[in-house]
Amino acid sequence: KTIEWKNRNKIKVNILINATPIGMSNATKEKTPVSKSFIKKLDTVIDFTINKKANTLEKNSKKFKKEYLSGKTLSFYQGIKQFSIYTNKKVNEKNLIKILKYKIN
């Protein structure tokens with residue numbers, strides 16, 4: 001279902017998928033696509049933005065103890081899947097995390 005941007009904080013859902021650029025650049029890092037009160041009502045936040053440091057959506061999601069999946073983590077798993085598709089080889093995810101010292105969030 002498509003909703004108007006102005007109504008985004010009024011819908012009742014339990015998962016938010018942020019595919020906007022809000023929170024990705026320095027200009028929007030402190031902004032969030034939804035209000036804090038909206039985040040409090042969620043179970044899970046999937047944020048496609050990729051940052052070195054946590055943006056406001058991530059900080060608020062963790063503050064309110066919501067399951068949070070970052071764009072960085074999504075890209076990590078996408079890379080593993082692509083490698084497997086193109087090489088017909090399986091990647092040991094746990095070993096790769098250890099080798100790269102990657103922190104899953």
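## Briefing on a predicted four-helix, three-strand chain

From the N terminus on, the elements of the chain run β-α-β-α-β-α-α, which comes to four helices and three strands, where helices (H or I, at least four residues) and strands (E, at least two) are DSSP runs numbered from the N terminus. This is a predicted model, in which local features need pLDDT of at least 70 and side-chain atom pairs count only at pLDDT 80 or more, while totals for chains, interfaces and linings use all residues. Residues are numbered from 1 along each chain as its sequence is written, and side-chain values use heavy atoms, with hydrogens and water left out.

**Overall dimensions and surface**

- The C-alpha trace of the chain spans about 45 × 30 × 25 Å along its principal axes, and its accessible surface (Shrake-Rupley method, 1.4 Å probe; for residues, only the protein chains shown count as cover) comes to about 7900 Å², of which 56% belongs to carbon and sulfur atoms.
- Of the 105 residues in the chain, 31% are buried, where buried means under 20% relative accessible area, exposed over 50%, and partly exposed in between (1.4 Å probe, protein chains only).
- Among contacts (heavy atoms within 4.5 Å) between residues at least 6 apart in sequence, 58% join residues at least 24 apart.

**Core and strand pairing**

- The largest nonpolar core, meaning a set of buried Ala, Val, Leu, Ile, Met, Phe, Trp, Tyr and Cys residues joined through side-chain atoms within 4.5 Å, has nine residues, namely L16, V34, F38, I39, L42, V45, L57, F64 and Y68.
- In soluble globular proteins, nonpolar side chains tend to be buried together.
- Strand β1 (15–18) pairs with β2 (residues 44–47) in the parallel sense over four bridges, pairing being assigned if DSSP finds at least two bridges between two strands.
- Within this pair, L16 stands opposite V45 in β2, and V45, leaving aside its neighbours within four places in sequence, is in contact with L16, L57, S61, E67, Y68 and L69.
- The side chains alternate along β1, with L16 and N18 pointing to one face and buried, whereas I15 and I17 point to the other and are not buried.

**Salt bridges**

- A search of the whole structure finds two salt bridges, each defined as a side-chain nitrogen of Lys or Arg within 4 Å of a carboxyl oxygen of Asp or Glu.
- One joins the side chains of E4 and K6 at 3.7 Å, N to O; E4 is partly exposed, with a relative accessible area of 48%, and K6 counts as exposed at 61%.
- The other joins E58 and K62, whose closest N and O atoms are 2.8 Å apart, and both residues lie in helix α2 (residues 56–63), four residues apart, about one turn of the helix.
- E58 counts as buried at 11% relative accessibility, while K62 is partly exposed at 40%.

**Surface patch**

- I3, I11 and V13 form a nonpolar patch on the surface with about 190 Å² of accessible area together; patches are made of residues with over 30% relative accessible area and no salt bridge, like charges being joined within 9 Å and nonpolar side chains (Val, Leu, Ile, Met, Phe, Trp, Tyr) within 5 Å.
- I11 is found in the segment before β1 and is partly exposed, with a relative accessible area of 31%.

**Positive phi in loops**

- K65, in the loop between α2 and β3 (67–70), has a positive phi of about 55° although it is not a glycine, and at 74% relative accessibility K65 counts as exposed.
- N88, in the loop between α3 (71–87) and α4 (93–100), has a positive phi near 60°, again in a residue other than glycine, and N88 is exposed, with a relative accessible area of 74%.
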